[in-house]
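User: I have a protein to go through with you. I want the reasoning behind each label, in short answers.

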Amino acid sequence: MRAPRTLRFARRLAAAALLTIPLPLQAQAPDARFDPVRDTIRALMAAQNIPSVSVAIARGDRILWEESFGWADKERQVRASPRTMYSLASISKPITATGLMVLAERGLVRLDEPANRYLDGAKLRAFEGAAEEATIRRLLTHTAGLPLHYQFFYSGRTPVHSMDTAIARYGVVVYPPGERYFYSNLGYGILDHIIARVSGSSYADFMRREVFEPLGLAEMVVSDGSDLGERAAVRYETDGSPLPPYTFDHLGASSVYASAHDLVRFGQWHLGARIRGARDVLPAATRARMQRSDAPAEAPGSSRGWGWGIVEDDNGLRRVAHGGGMPGVATVLMLYPAESLAVVVLANTSGAPTARIAAAMTSAVAPEYARVRQARADSIRQARAASGATAAGGPAAPVLPEAMNALETVAGVWRGALLVRGDSVPLVLTLASDGRGTARLADGPAAELNNLRLTDGWVTAGFRAEVPGPEAAGPNGSGPHNIVVHLRIRGDGLRGWASVIARSALSYGAVSYRAELAR
């Protein structure tokens, strides 16, 4: 006898609802292939005071292994699990790129249009090149000409400014768009701002509604962590102290939380696997296009896709990946398309060797990768032994004669200024052909330069100084700060920018200002 129609309808509704509810983790039989990785993780955690590590690895549509080690919250004695949500840091970028491509597929955003076309209020300005050439595609690939930028706003310490304010203060194109790769958190902050403006909802709401929920990712969210309670891993400083919640003026670059379980599923989906309970938000062809090179990166053999970093030869395999690192965070998501592998490692302290753990996980299931990795490690050890270097490395390499000869072309005294929040701050650089020199900022003392280099027409160097003005270094307070200059030779002048950097427990960030000098 058939059940009444209303009962049959209720059963169908219940069955449909099950597809959207996160299923409990199934008990997995121990996989002996990962026993050495478990030993490695435990040893590294003990040696480096790492509170917790969560890992997951999947091939095709099957999760091979997921496990967690240690404490998500030491103070409350909450153990980490594969369902614990971790701050992802820069793994947020391919996630944001996915949301942007949803809008692009709907014809609401065009990749080769200027970013300014989608901005209202503050817009990008150009110090070099043209602002119209700073396109959506170039923001995606870190080639829009924006300088170094990351700002952290700790709860109760510093007020958060709007994205319009960030663009007005720091949205300056300092080298011609499309000319070179330079990693930019601000660029992805602009992208999340564009997502919000075009969609008519907040970035967080759009990502939840149009990406996370359709893909069945209930443990992926845009958040500063303060509203997640025991579902989230506490971020810890390297000394073991918990960090207060913090946010950014570049949410799209840094603000996503996710569990290892959901992040590996996100990786599986990007590789084309069918994920239970997921509804595709992008065609497979678009996901594959995001993983193809669209701009050169700095290192040979690497490039940038849309949100992804690409390495053509990672121990014999092509790798599409992104990592993340900031106070209390070390993460990595690696995809190996040829092996249909997605690998995730998440830790709740900075500096954890997540890439090393991910490589060990990949070696456990990809024999050729393991063979090449071992052969290369043996070759490095042999080379070090032959040169007499220790495992910790030998002395710093001297400046080579050819580099000295190159520096002769810029040797001398250069005078100019930084444009800091509308104020012109005098800067004098004295450069020598032997790789030495000094910098004097405003009326401050002369500071010795370090790492002075001339590469491909760009002069780079670092020094310690205090930038005048209470807000000159953003939320990082007064100096002295580490300052790094990037200056391009332009005729008889040097033009570019200087980044003001602070890196301590509760004072962490970098903001950049344009610079121009003449000899």
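User: What makes the largest nonpolar core a core, and which residues have the most contacts inside it?

Analyst: The model is predicted. The largest nonpolar core has 101 residues. They count as a core because they are buried nonpolar residues joined through side-chain atoms within 4.5 Å. Ile 95, Ile 136, Ile 190 and Leu 263 have the most contacts inside this core. Helix H3, residues 92-105, gives the most to this core, with seven residues.

User: Which residues is Ile 95 in contact with, leaving aside neighbours within four places in sequence?

Analyst: Leu 88, Met 207, Phe 212, Met 220, Val 256, Leu 263 and Phe 266. Each has heavy atoms within 4.5 Å of Ile 95, so each is called a contact.

User: How many residues are in the other core?

Analyst: That core has 31 residues and lies apart from the largest one. Among its residues are Leu 44, Val 55, Ala 347 and Ala 358.

User: Why are E8 and E10 called paired strands?

Analyst: Pairing needs at least two bridges. Three bridges join E8 to E10, residues 256-259. Therefore the two strands count as paired. They run antiparallel. Met 220 has Ala 258 in E10 as its bridge partner.

User: What packs on the sheet there?

Analyst: Helix H7, residues 203-212, touches E8 and E10. Its direction makes about 160° with that of E8. Helix H9, residues 260-270, also touches E8 and E10. The direction of H9 makes about 100° with that of E10.

User: What are the edge strands of the open sheet E4-E10-E8, and what makes them edges?

Analyst: E4 (85-87) and E8 (220-222). Each pairs on one side only.

Definitions and conventions: Residues numbered from 1 in each chain as written. Predicted model: local features only at pLDDT ≥ 70, side-chain atom pairs only at ≥ 80, totals over all residues. Heavy atoms only, no water. Buried < 20%, exposed > 50% of the residue type's maximum accessible area, 1.4 Å probe, protein only. Helix = DSSP H or I, 4+ residues; strand = E, 2+ residues; numbered from the N terminus. Axes fitted to C-alpha atoms, helices over the stretch in contact; angles between N-to-C directions.
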